[in-house]
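Here are some notes to read alongside the model. Please keep the picture open and find each residue as it comes up.

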Amino acid sequence: MNREHTFSYGKIAVIGSGFLALMLVWTIYNTFMPLILGDYIESSAIRGAIMGIDNLLAVLLIPVIGAWSDRVKSPLGQRLPFIAVGMPLAAITFALLPFVSGIGLFILLTIDIVFLLAMTIYRAPVISLMPDHTPPTNRSTANGVVNFMGGVGAIIALFILSPLFDVDRLFPFVIGGCILFVAFILLYLVIDRNPPFTENTAGDQEETQALKTLKDGIKNLFLKENRGKLFIFLAIFLYFIGYTGVEALFSIWATEQLGLTGGEAGVTLGFFSLSFVLFAIPAGLLGTRFGKKPLMLVGLIFLPILFAVIPFLEGLLFVRIVLFLAGIAWACINVQAYALVSDLGGTSKIGLYTGIYYLFSMSSAIIAPFLLGTMMDLFGKDSLFFTAAITMVIAFLFLRAGKDRDANVVNNSTKSM
């Protein structure tokens, strides 16, 4: 069989349903969890720190699980055992969050941590399904489809479920949990147990070997010949500080600076996600045509400019228009990033590089809410966007340096570190 002809938009769309549910749930969580925490805590920095500490668990576990899923051998294949545990548990605990929010901060944070652990168990494996089922030459296009599905999830969360928060804060969480569970059933029924573009490297001591693989993979990034790859991961870390900080704290800025309700804040942020959805597939096609890194650099020029403009805008309409334009710039960046990372891993280290990708991106999720929240407390709410813009300018410089040092990585994507 010619592997190039095994690429299927239909199967990628089904795989994308897992990303749709993931993005829907995280969008609801990041939009409304800071407001729920606001019932107990006034400081933006402390609320941000709590959300960042939650992500610490993800940073510690996602890379290990990603590498481990490269090595598992089971009747369900490599990825599905993790998905079968994580997705149902995440659906249940996510739906429980608003129910326990009135009981006390400790109970709320306990359920929150269990939810995060469940999301951590399945996140890297479900994202690895795309390169597992896609030849390297089609991965930008396939990632455009997957990101399109994720964007649809974010739009559902922000335009349909967010207004329900003003009616009853239970509704977005319960409906989101149900959608996550349905996505699990769909994935369980459709995905290949032995997909064509991954190599099982199972051993007798899978967990120990996964830790060693992760350690060696990160250590090798610091070798001189891999410096360009390290710069790429550092760029990802930096621009995710800006993105995750804005995503996590936007509802605080919108409710306190613009006087919006929680539901209105969610709808406003939805314009960012709407344009991301509309441009995700075109961005994937452009990445295939012109290269992944060049398009990411274009996005990292325009996104910080647009963020820096927002505090000066008069009127909600203009804020929504600029957020719409910012979503297009974000598509140029984010659609290409994981496809580029999966190229770095080759066919035998997709899970490992997925894990390293999440190590860097989720590390930023620990730092970003506290960092940007502290800036908001010290210098005013508008500093949220100024700080985010600065991190993205620095990310541009690192990515450009990574491009210069590692210009031929895509053409040599089957050569692993």
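1. Leaving aside its neighbours within four places in sequence, which residues is Phe307 in contact with? They are Val246, Phe272, Ala326, Phe385, Ala388, Ala389 and Met392, where contact means heavy atoms within 4.5 Å.

2. Before going on, a word on what you are looking at. This is a predicted model, in which local features need pLDDT of at least 70 and side-chain atom pairs count only at pLDDT 80 or more, while totals for chains, interfaces and linings use all residues. Residues are numbered from 1 along each chain as its sequence is written, and side-chain values use heavy atoms, with hydrogens and water left out.

3. Now the overall plan. The protein has 13 helices and zero strands; helices (H or I, at least four residues) and strands (E, at least two) are DSSP runs, numbered from the N terminus. Among contacts between residues at least 6 apart in sequence, 86% join residues at least 24 apart.

4. Next, the surface and the inside. The accessible surface is about 15800 Å², and carbon and sulfur atoms account for 68% of it; such areas come from the Shrake-Rupley method with a 1.4 Å probe, and for residues only the protein chains shown count as cover. Of the 417 residues, 59% count as buried. Buried means under 20% relative accessible area, exposed means over 50%, and partly exposed lies in between (1.4 Å probe, protein chains only).

5. Back to Phe307. In the largest nonpolar core, which has 120 residues, Tyr239 and Phe307 touch the most other members. Helix 8 (residues 227-257) gives the most to this core, with 18 residues. A nonpolar core is a set of buried Ala, Val, Leu, Ile, Met, Phe, Trp, Tyr and Cys residues joined through side-chain atoms within 4.5 Å.

6. Stay with helix 8 for a moment, since Ile232 lies in it. Ile232 counts as buried because its relative accessibility is 0%. Along the sequence Ile232 and Val341 are 109 residues apart, yet their C-alpha atoms are 8.7 Å apart in space.

7. Val341 turns up again in the list for Tyr357, a residue of helix 12 (residues 350-379). Not counting neighbours within four places in sequence, Tyr357 is in contact with Phe233, Ile236, Phe240, Asn334, Ala337, Tyr338 and Val341. Tyr357 has a relative accessible area of 5%, so this residue is buried. From Tyr357 to Leu234 is 123 residues in sequence and 9.9 Å in space, C-alpha to C-alpha.

8. Helix 9 (residues 262-290) is a nice one to check with a ruler. Its 29 residues should span 42 Å at 1.5 Å a residue (the expected span is 1.5 Å times one less than the number of residues), and its end C-alpha atoms are 40 Å apart, which agrees. Helix 9 also bends by about 45° at Phe279, with Pro282 following within four residues; the bend is the angle between axes fitted to the seven residues ending there and the seven starting there. After helix 9 comes Gly291, with a positive phi near 110°.

9. Finally, the cysteines. How many disulfides does the structure hold? It holds zero, a disulfide being a pair of cysteine sulfur atoms within 2.5 Å. Cys178 counts as partly exposed because its relative accessibility is 48%, whereas Cys332, with a relative accessible area of 8%, is buried.
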